[in-house]
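Hello,

Here is the structure I promised to pass on. Please open it, then read the notes below alongside it.

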Amino acid sequence: MREVDFIVIGSGIAGLRAAVELGRAGSVLILTKDELTASSTRYAQGGVAVALSDDDEIALHFEDTVRAGAGLCDLEAVRVLVEEGPQYVQELIAWGCRFDRVGDQLAFGQEAAHSRRRIVHARGDATGREIVRTLLERVRELPRVEIRPHAFAVRLLVHDGRCLGVQYVETRARTSHTVRAHAVVLATGGAGHIYLHTTNPDVVTGEGMAMAYEAGALLADMEFVQFHPTALHREGAPRFLLSEALRGEGGVLRNRFGERFMPRYHDAAELAPRDVVARAIVTELQRTDADCVYLDLTHLPAHFVRERFPRIYQTCRHYGLDLTREWIPVSPAAHYFMGGVRTDLDGWTGIAGLFAAGEVSCTGVHGANRLASNSLLEGLVFGARAARRALAFASSAPAPPSLQESNVSPEEAEMDGAIVRRLRTIMWEAVGLIRHGDQLRSALDDLEALRRAAPTLATRHLVMVAWLVARAALFREESRGAHFRTDFPAPNEAQWRCHSIQHRERGIFTHPIGTEVFAR
Ligand SMILES: Cc1cc2nc3c(=O)[nH]c(=O)nc-3n(C[C@H](O)[C@H](O)[C@H](O)COP(=O)(O)OP(=O)(O)OC[C@H]3O[C@@H](n4cnc5c(N)ncnc54)[C@H](O)[C@@H]3O)c2cc1C
């Protein structure tokens with residue numbers, strides 16, 4: 001059986017940043033289920049939120065993050081994020097990441113719910129690509145890091161409370177493998193593809209969450225799914241994201257009658273928090289019997305729009321739309337998971353040898369709603385921290401005991417198309433932006449039936465993640481942040497200012513904010 005020091009699952013910002021740290025000290029195998037660059041990270045447009053400008057302060061970034069989190073942020077995690085963020089962004093720049101500049105100063109963009117211009121971006125709206133390019137260059141300089149594309153992890157091997165390795169399928173060769181390691185870092189991203197409409201690329205299906213849950217880890221705050229208000233709504237086009245930054249720079253939203261409606265919903269109008277804008281759009285769609293609203297940038301100088309948003313401009317052109325001359329049809333789509341595998345501040349999952357970072361994890365930094373552009377920063381900061389903790393673990397823990405080679409059948413990595421389509425529709429209709437107990441209960445029944453019918457491990461994992469989201473949404477009898485229920489339309493501070501936690505055997509329960517969930 002193959003043996004390495006460390007396995008990293010995922011090649012987005014969190015996985016690559018972790019691999020840079022680990023590869024300096026030991027052998028690393030990066031498993032990634034498709035092409036190396038297939039990840040949400042690659043599609044990130046707006047940029048990275050970081051308090052680096054002269055008129056900004058770490059304390060302001062902290063306050064904005066906590067305000068967006070609607071009472072559920074773990075303050076210590078937020079403090080780590082905003083205080084350590086600047087050093088990790090500077091490090092990325094030192095490694096050759098070319099963020100946009102005005103003269104020799106970094107250019108800072110504005111996004112909703114940020115009290116300062118603090119979003120660093122690259123090539124206008126191609127920030128994610130530039131970050132991936134930089135980190136990959138760094139990883140490739142490390143001779144002991146091996147990257148394995150089309151390697152689909154299907155199971156974490158946990159025995160006696162310790163993670164010993166991973167089973168994966170090489171999807172091109174249709175072969176299956178077991179690898180033993182001192183420590184495993186999960187960096188598999190979110191789970192946008194449990195929804196019919198999502199901005200996430202195809203690889204983002206929540207396997208990391210399902211594998212960790214099966215292995216006995218805790219999943220936290222799964223009910224909090226952020227829906228991006230403005231994904232392209234065009235027949236035959238993917239749900240391409242029209243970044244928050246478009247509204248940050250002055251874009252406005254109009255309904256089918258041309259009326260600018262956001263001022264009726266929130267004082268900050270188009271710059272209100274994402275959940276407010278997304279729900280306002282859904283309400284407006286119902287009110288006007290329409291299936292999309294429109295993003296209008298036609299009042300901004302055309303050269304500014306083309307230069308500031310070159311990729312968005314080109315993509316819209318590709319689908320026959322000119323951002324500088326016409327309104328762009330948009331509607332909400334599932335975008336980001338605030339919840340995930342519960343970790344401490346060093347990415348530890350509570351299972352010896354298993355660490356998690358990035359969107360798959362829940363450190364508590366985002367609370368009930370993520371502040372725009374905080375997730376790339378989270379991947380950088382907590383990717384590095386999780387790796388350092390994994391290194392410390394590997395140097396102090398005894399070598400992992402030997403493992404029986406027990407490979408899964410390669411078919412287990414395939415998804416059942418019919419079940420996936422049904423699941424995504426159920427989730428969109430009953431566990432989406434606007435929820436109600438009756439619909440959630442019926443969604444859980446439907447998902448249970450899908451679980452019984454699911455023929456492969458990958459399909460069962462997708463159903464499991466959907467079920468965990470629906471169960472948490474039913475459990476939380478209030479509305480807060482990204483979770484909105486018409487049968488409990490207000491926050492309930494007395495009862496629900498707490499995390500929801502799910503465990504394979506212990507079921508679902510609450511846990512107070514800002515306290516350790518598991519013993520060291
Ligand atoms: C369109 C879009 C725009 C965004 N814009 C911004 C932005 O401007 N600023 C910001 O801060 N955030 C933004 N986000 C969110 C941000 O990009 C993500 O939260 C972040 O990149 C997640 O990084 P990650 O490393 O955790 O996961 P990802 O980047 O999603 O990477 C996950 C990796 O895991 C791999 N993987 C998954 N399952 C398996 C498996 N079973 N086996 C092997 N490999 C697996 C995937 O192939 C992928 O390589 C955006 C997201 C999208 C979709």
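How far does a backbone N or O atom of alanine 187 lie from an oxygen atom of the ligand? The distance is 3.4 Å. Bear in mind that this is a predicted model.

**The ligand**

The protein buries 98% of the 1,000 Å² that the ligand exposes when taken alone. Five elements each give two or more residues to the surrounding shell. They are α1 (13–23), α2 (40–43), β9 (151–159), β16 (328–337) and α11 (374–396).

There are 38 residues around the ligand. Those that come nearest are Thr41, Gly46, Gly47, Glu359 and Ser375. By type, the shell holds 19 polar, 15 nonpolar and 4 charged residues.

Two further polar pairs deserve a look. Threonine 32 places a polar side-chain atom 3.0 Å from an oxygen atom of the ligand. Glutamine 45 uses its backbone: a polar atom there is 3.4 Å from a nitrogen atom of the ligand.

**Helix α3**

Next, go to α3, residues 58–68. Its buried residues are Leu60, His61, Asp64, Thr65 and Ala68. Viewed down the helix axis, these buried residues fall within an arc of 135°, so they line one face of α3. The spacing fits a general rule: an α-helix has 3.6 residues a turn, so residues three or four places apart point the same way.

What lies over that face? The cover on the buried residues of α3 includes β3 (48–49), α4 (75–94) and α11. Helix α11 also gives two or more residues to the shell around the ligand. Just after α3, alanine 70 has a positive phi of about 55°.

**Threonine 175**

Last stop: threonine 175, in strand β11 (residues 175–186). Is this residue buried, partly exposed or exposed? Threonine 175 has a relative accessible area of 30%, so it counts as partly exposed, the class between under 20% and over 50%.

Its side chain makes a polar contact of 2.8 Å with the side chain of histidine 177. Setting aside neighbours within four places in sequence, threonine 175 is in contact with Tyr168, Val169, Glu170 and Pro410. Asparagine 407 is 232 residues away from threonine 175 in sequence. In space, their C-alpha atoms are 9.0 Å apart.

Over to you.

Best wishes

Key
Residues numbered from 1 in each chain as written. Predicted model: local features only at pLDDT ≥ 70, side-chain atom pairs only at ≥ 80, totals over all residues. Heavy atoms only, no water. Near = heavy atom within 4 Å. Polar contact = N/O pair within 3.5 Å; in protein donor to acceptor, adjacent residues only side chain to side chain. Areas by Shrake-Rupley, 256 points an atom, 1.4 Å probe, with all protein chains shown as cover. Helix = DSSP H or I, 4+ residues; strand = E, 2+ residues; numbered from the N terminus. Nonpolar A, V, L, I, M, F, W, Y, C, P; charged D, E, K, R; others polar. Buried < 20%, exposed > 50% of the residue type's maximum accessible area, 1.4 Å probe, protein only. Arc of directions from axis to C-beta. Contact = heavy atoms within 4.5 Å.
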